[in-house]
Amino acid sequence: MRARRQVGTAKRAGDAGAERQARAEVDAAKRALGERGPVWWTDGAPDYNRRMVANTPYADWYASLSS
């Protein structure tokens with residue numbers, strides 16, 4: 001959260017260099033937590049992230065939500 005706060009502080013100050021540094025720190029923290037980067041689990045289930053829902057097995061369910 002410290003890095004996230006630094007992003008906001010840098011944006012309010014208009015300091016592009018500090019903002020880039022803070023965003024890099026946010027990215028590093030997220031990677032360390034496993035939120036970004038390669039998949040670290042091996043449950044054998046297909047990964048449908050970063051796909052349009054219409055191109056997944058959930059397409060019919062998603063279509064039924066629109067009325």
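Which residue follows α2, and is its phi positive or negative? The residue is G34, and its phi is positive, near 85 degrees. The legends below refer to a predicted model.

**View 1. The whole chain holds three helices and zero strands.**
From the N terminus on, the elements run α-α-α. The radius of gyration is 18 Å, well over the 11 Å that the globule rule gives for 67 residues, so the protein is more spread out than a compact globule. Along the principal axes, the C-alpha atoms fill a box of roughly 45 × 35 × 15 Å. Of the 67 residues, 12% count as buried.

**View 2. Helix α2 covers residues 16–33.**
This helix has 18 residues. From its first C-alpha to its last, α2 reaches 26 Å. That is close to the 26 Å expected at 1.5 Å a residue.

**View 3. One face of α2 carries its buried residues.**
The buried residues of this helix are E19, A22 and V26. Seen down the axis of α2, they fall within an arc of 65 degrees, so they line one face of the helix. What covers these buried residues includes α1, residues 2–13. R20 and A32 sit on the other side of α2, and both are exposed.

**View 4. The two ends of α2 show D15 with G17, and G34.**
At the start of the helix, look for D15 and G17. A side-chain oxygen of D15 reaches to within 3.3 Å of the backbone nitrogen of G17. At the other end, α2 is followed by G34. The phi of G34 is the positive value given in the opening, near 85 degrees.

**View 5. Two tyrosines, Y48 and Y58, form an aromatic pair.**
A search of the whole structure finds one such pair. The rings of Y48 and Y58 meet edge-to-face. They lie 6.0 Å apart, centre to centre, with 90 degrees between the planes. Y48 and Y58 are both in the loop between α2 and α3, and α3 spans residues 59–65. The two residues are 10 residues apart.

**View 6. Y48 and Y58 are seen here for their exposure.**
Are these tyrosines buried, partly exposed or exposed? Y48 is partly exposed, with a relative accessible area of 31%. Y58 has 47% relative accessibility and also counts as partly exposed.

Conventions:
Residues are numbered from 1 along each chain as its sequence is written. This is a predicted model: local features need pLDDT of at least 70, side-chain atom pairs count only at pLDDT 80 or more; totals for chains, interfaces and linings use all residues. Side-chain values use heavy atoms; hydrogens and water are left out. Helices (H or I, at least four residues) and strands (E, at least two) are DSSP runs, numbered from the N terminus. The expected span of a helix is 1.5 Å times one less than its number of residues. Buried means under 20% relative accessible area, exposed over 50%, partly exposed in between (1.4 Å probe, protein chains only). The arc is that of the directions from the helix axis to the C-beta atoms. Contact means heavy atoms within 4.5 Å. A polar contact is a pair of N or O atoms within 3.5 Å; within protein, one must be able to donate a hydrogen and the other to accept it, and residues adjacent in sequence count only if both atoms are side-chain atoms. Rings of Phe, Tyr and Trp (its six-membered ring) pair if their centres lie within 6.5 Å; planes under 30 degrees apart count as stacked, over 60 as edge-to-face and the rest as tilted. The radius of gyration is taken over C-alpha atoms; the globule rule is 2.2 Å times the number of residues to the power 0.38.
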